[in-house]
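Subject: Structure handover

Hello,

Here is the structure I said I would pass on. My notes on it follow below.

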Amino acid sequence: MNLHTKKYLASLCLTVIFSISGLVNVSFAGEFEELESCYHCHGEDGASTEPEIPSIGGLSAPYIIDTMLTYRNDERPCQETEFPVGPRKGEKTDMCVTARDLSEAQTEEIAEHLAKEPFVRAKQDFDPEKAKPGKIVHNRLCKKCHEDAGASPDDDAGILAGQWMPYMEQQMEEYLTGKRPMPKKMKIKMDKLDKTDTENLIHYYGSFQ
Ligand code: HEC
Ligand code: HEC
């Protein structure tokens with residue numbers, strides 16, 4: 001093979017590689033744009049810096065897909081929230097509207113992306129005197145389904161360890177007042193909690209940083 005042929009083959013290879021990556025880019029462009037919009041509320045790669053907005057990077061794909069379906073069907077309460085940053089800064093929307101704007105394929109694509117990101121634990125103030133009894137309550141009532149203080153995405157039950165406490169407080173309130181649906185077996189355990197237990201649990205989850 002002479003030099004000219006080698007050069008020709010090399011450039012042909014590059015052309016093929018670029019056209020393949022071009023095609024891939026085109027097919028993912030829609031999802032990436034939507035994902036950027038998630039990040040404007042949920043933080044870069046889903047690591048939230050807003051205490052009322054949960055971190056979603058590192059949640060399992062099945063949990064995210066199920067959750068988006070729940071929002072889509074208005075089965076879980078949706079808090080109206082302002083975009084804290086980005087081109088829609090100051091504009092309000094909620095998760096029910098956001099979930100309905102995505103196709104099934106986009107939702108799956110986004111869930112797969114988010115599941116590959118690490119879950120970044122929130123740096124927040126907690127009371128160690130509340131976290132201690134919180135751990136005992138967790139181990140007694142919640143551990144069976146939320147392993148390692150709820151740190152394992154494989155439970156397909158969200159991530160509790162290191163999640164933002166104001167978000168957790170809101171969710172516990174929604175569960176305890178019956179606004180957010182939960183598995184029957186979780187409800188049996190939740191019914192056993194008093195106000196102090198609930199507060200202690202939140203400090204326990206917040207203590208993971
Ligand atoms: C305007 C801000 C905003 C945008 C944009 C937004 N979210 Fe949310 N998201 C929230 C808030 C606030 C909550 C928690 C309160 C609630 O349930 O309404 C939430 C909750 C969630 C949850 C539940 C987390 C859990 O642990 O159960 C998931 C999953 C989620 N969002 C995914 C997404 C995805 C995917 C996108 C982009 C397609 C997105 N969000 C866009 C504000 C936003
Ligand atoms: C029988 C299994 C089971 C038990 C026991 C259980 N949970 Fe859950 N939990 C789940 C599942 C499954 C989900 C996801 C629910 C959904 O899809 O909305 C969940 C979700 C949650 C969430 C929402 C996480 C998020 O990201 O929004 C919180 C908070 C929570 N559980 C707290 C508790 C606490 C506190 C206890 C103990 C008092 C408990 N759970 C006991 C199965 C359980």
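Which protein atoms are the donors of the iron atom of ligand 2? They are NE2 of H146 and SD of M186, and they lie 2.0 to 2.3 Å from the iron. Please keep in mind that this is a predicted model.

The geometry at this iron atom is octahedral, because the six donor atoms around it subtend angles of 83 to 178°. H146 is in the loop between α5 (128-142) and α6 (147-150), while M186 is in helix α8 (residues 184-190), so the two donors tie together parts that are 40 residues apart in sequence. The two residues also fall into separate accessibility classes. H146 has 11% relative accessibility and counts as buried, since the cut-off for buried is under 20%. M186, at 22% relative accessibility, counts as partly exposed.

Surroundings of ligand 2

Ligand 2 is surrounded by 22 residues, and the closest are C142, C145, H146, Y167 and M186. The polar side-chain contacts to this ligand include the following:

- H146: an N or O atom of the side chain is 2.8 Å from a nitrogen atom of ligand 2.
- R180: an N or O atom of the side chain is 2.8 Å from an oxygen atom of ligand 2.
- Y63: a polar side-chain atom is 3.4 Å from an oxygen atom of ligand 2.

Two or more residues of the shell around ligand 2 come from each of α5, α7 (165-176), α8 and α9 (195-206).

Surroundings of ligand 1

Around ligand 1 there are 24 residues, of which C38, C41, H42, Y63 and M95 come nearest. Y63 therefore appears in the notes on both ligands: its side chain has an N or O atom 2.5 Å from an oxygen atom of ligand 1, and a polar atom 3.4 Å from an oxygen atom of ligand 2. Two further side chains make polar contacts with ligand 1. A polar atom of H42 lies 2.8 Å from a nitrogen atom of this ligand, and a polar atom of R76 lies 2.9 Å from one of its oxygen atoms. The elements that give two or more residues to the shell around ligand 1 are α1 (3-42), α2 and α3 (95-100).

R76 also comes up in the contacts of T70. Leaving aside neighbours within four places in sequence, T70 is in contact with E75 and R76. T70 sits in helix α2 (residues 61-72) and is buried, with a relative accessible area of 18%.

Backbone points to check

D45 has a phi near 55°, a positive value in a residue other than glycine. D45 is in the loop between α1 and α2 and is partly exposed, with a relative accessible area of 32%. D148 is not a glycine either, yet its phi is positive, at about 45°. D148 belongs to helix α6 and counts as exposed at 53% relative accessibility.

The chain as a whole

The protein chain has nine helices and two strands, in the order α-α-β-β-α-α-α-α-α-α-α along the sequence. Of its 209 residues, 37% are buried. Among contacts between residues at least 6 apart in sequence, 68% join residues at least 24 apart. The chain exposes about 12,700 Å², and carbon and sulfur atoms supply 57% of that area.

Regards

How values were computed. Residues are numbered from 1 along each chain as its sequence is written. Chains are lettered from A and ligands numbered from 1 in the order in which they are written. This is a predicted model: local features need pLDDT of at least 70, side-chain atom pairs count only at pLDDT 80 or more; totals for chains, interfaces and linings use all residues. Side-chain values use heavy atoms; hydrogens and water are left out. Donors are N, O and S atoms within 2.8 Å of the metal (3.2 Å for Na, K and Ca); water is not among the atoms, so sites may look incomplete. Four donors count as tetrahedral if all angles lie between 85 and 135 degrees; four count as square planar and six as octahedral if opposite donors are over 155 degrees apart and all others between 65 and 115; anything else is irregular. Helices (H or I, at least four residues) and strands (E, at least two) are DSSP runs, numbered from the N terminus. Buried means under 20% relative accessible area, exposed over 50%, partly exposed in between (1.4 Å probe, protein chains only). Contact means heavy atoms within 4.5 Å. Accessible areas come from the Shrake-Rupley method with a 1.4 Å probe; for residues, only the protein chains shown count as cover. A residue is near a molecule or strand if one of its heavy atoms lies within 4 Å of it. A polar contact is a pair of N or O atoms within 3.5 Å; within protein, one must be able to donate a hydrogen and the other to accept it, and residues adjacent in sequence count only if both atoms are side-chain atoms.
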